[in-house]
Amino acid sequence: MVWHKSRVPETRIVQVADDELKDAVTDACALLRAGEVVALPTETVYGLAADALNPTAVAKIFAAKERPSFDPLIVHIASRGDLKSVAIVPDDIADAVNKLTNAFWPGPLTLILPKHPDVPDLVTSGLATVAVRQSAHPVFRAVNKELGRPIAAPSANRFGRISPTSASAVMKELGDRIPLIVDGGACSEGVESTIISIEPRDGKKPIFRLHRAGPVTKEQLQEFGKVEKVREVQLDAPMAPGQLASHYAPLTPLILLENIADFTPEEGKKYGLLSYTGDDDSPYVTLHEWDAIESLSPGSGKLAEAAIRLFFVMRELDEAGLDAIIAEPVSETGLGVAIMDRLRRAAVRP
Ligand code: TXA
Ligand code: MG
């Protein structure tokens, strides 16, 4: 295990090599048991973890992130058998829950279910429902299992900012605020989990309400039910910042340029391009003399690669001293839906 002192002396980063997983897990669990928060890698983004059944520990998540308490957290469980300890699965959706968890857990699918009374109200912001998932990341899974308790973990960024997909990004977001970051390398999905709630239908496949687009796509979910948007009334109920118009935002204004003709650069200003492929002959690349170009999927244009690189590339451009970031849209199919959702929320309103 490599220990290195970070920029900020209070925060340790511990890097996990395959054969040293155990030490990092022991370390993280000791802090979690003491009611502390720890940043852990998941397959989607890095999470800021606390013991989900300890409200004092959970309060530290909200404090470190400066997150408003009306925004509920996702609870992570170590095994499917643990689901009943945090949620109540109604009979009329039990079959759907079984099929979904069989197909997608461990993995980037979060289910909104009626909450178990043991889950503190602070975790769910007083809602009657709880968001649950089982992470597929070996480090997160090992900590969750060793701790023997559910883990509340939102993305490890300050409220409203870009989600971290590496330990160094967590360091930039929360470095002076938390005692430990477990470095498990870059996240393999790159965008946050898909969030759904389930509505039963007599004699028909259930309806899945899509609360947040993510790595598990609409196309994948359709095998098990009908995918529909969240109804307006449901949207007001939890003020869910993942769904707030402005979120995942860099400090540099980001403009999502859906129509190339809309770009009117101002004299003397520095513009960077967040390109899909970065190809020399792409109309976005040739549109302007960019001060910086970053590509989501260099050369080939693959949505999975674009998702993995999205927050990393946003962060790079945010740190490039630009006046504005111009983002090229990607096609809204499969993972492209989650990517465009994040770009729209990161973008400044016209
Ligand atoms: O991939 C992920 O889901 C990551 C990793 C760390 O697991 N976590 C994550 O958490 O993205 P966070 O807090 O950044 O986003 C959780 C979203 C928020 O938009 C929150 O409002 C919503 O889940 N949420 C949580 N509980 C909910 C509930 N009971 N009903 C509706 N939305 C809920
Ligand atoms: Mg988040």
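**Exercise 1.** In this predicted model, determine the strand order of the open sheet of four strands and state which strands lie at its edges.

*Solution.* Step 1: the order is E13-E16-E14-E15, and the pairing is parallel. Step 2: strand E13 (254-256) and strand E15 (292-295) each pair on one side only, which identifies them as the edge strands. Step 3: from one strand to the next, the twist averages 20 degrees.

**Exercise 2.** Describe how E13 is joined to strand E16 and which helices pack on the sheet or lie across its strands.

*Solution.* Step 1: E13 and strand E16 (residues 324-327) run parallel and are joined by three bridges. Step 2: within this pair, Ile255 stands opposite Ile326 in E16. Step 3: helix H10 (residues 303-318) packs on the sheet and touches E13, strand E14 (271-275), E15 and E16. The direction of H10 makes about 170 degrees with that of E15. Step 4: helix H11 (residues 336-346) lies across E13, E14 and E16, at about 130 degrees to E13.

**Exercise 3.** Locate Ser155 and decide whether Ser155 is buried or exposed.

*Solution.* Step 1: Ser155 is in the loop between strand E8 (151-152) and helix H7 (167-174). Step 2: Ser155 counts as buried because its relative accessibility is 16%, and buried means under 20%. Step 3: the side chains of Ser155 and Asn157 are joined by a polar contact of 2.6 Å. Step 4: beyond four places in sequence, the contacts of Ser155 include Val45, Tyr46, Gly47, Leu48 and Lys65.

**Exercise 4.** State the confidence of the chain and of residues 1-9.

*Solution.* Step 1: the chain averages a pLDDT of 92, and 92% of the residues score at least 70. Step 2: over residues 1-9, pLDDT stays under 50.

Definitions and conventions: Residues numbered from 1 in each chain as written. Chains lettered and ligands numbered in written order. Predicted model: local features only at pLDDT ≥ 70, side-chain atom pairs only at ≥ 80, totals over all residues. Heavy atoms only, no water. pLDDT = per-residue confidence, 0-100. Contact = heavy atoms within 4.5 Å. Helix = DSSP H or I, 4+ residues; strand = E, 2+ residues; numbered from the N terminus. Buried < 20%, exposed > 50% of the residue type's maximum accessible area, 1.4 Å probe, protein only. Polar contact = N/O pair within 3.5 Å; in protein donor to acceptor, adjacent residues only side chain to side chain. Pairing = 2+ DSSP bridges. Axes fitted to C-alpha atoms, helices over the stretch in contact; angles between N-to-C directions.
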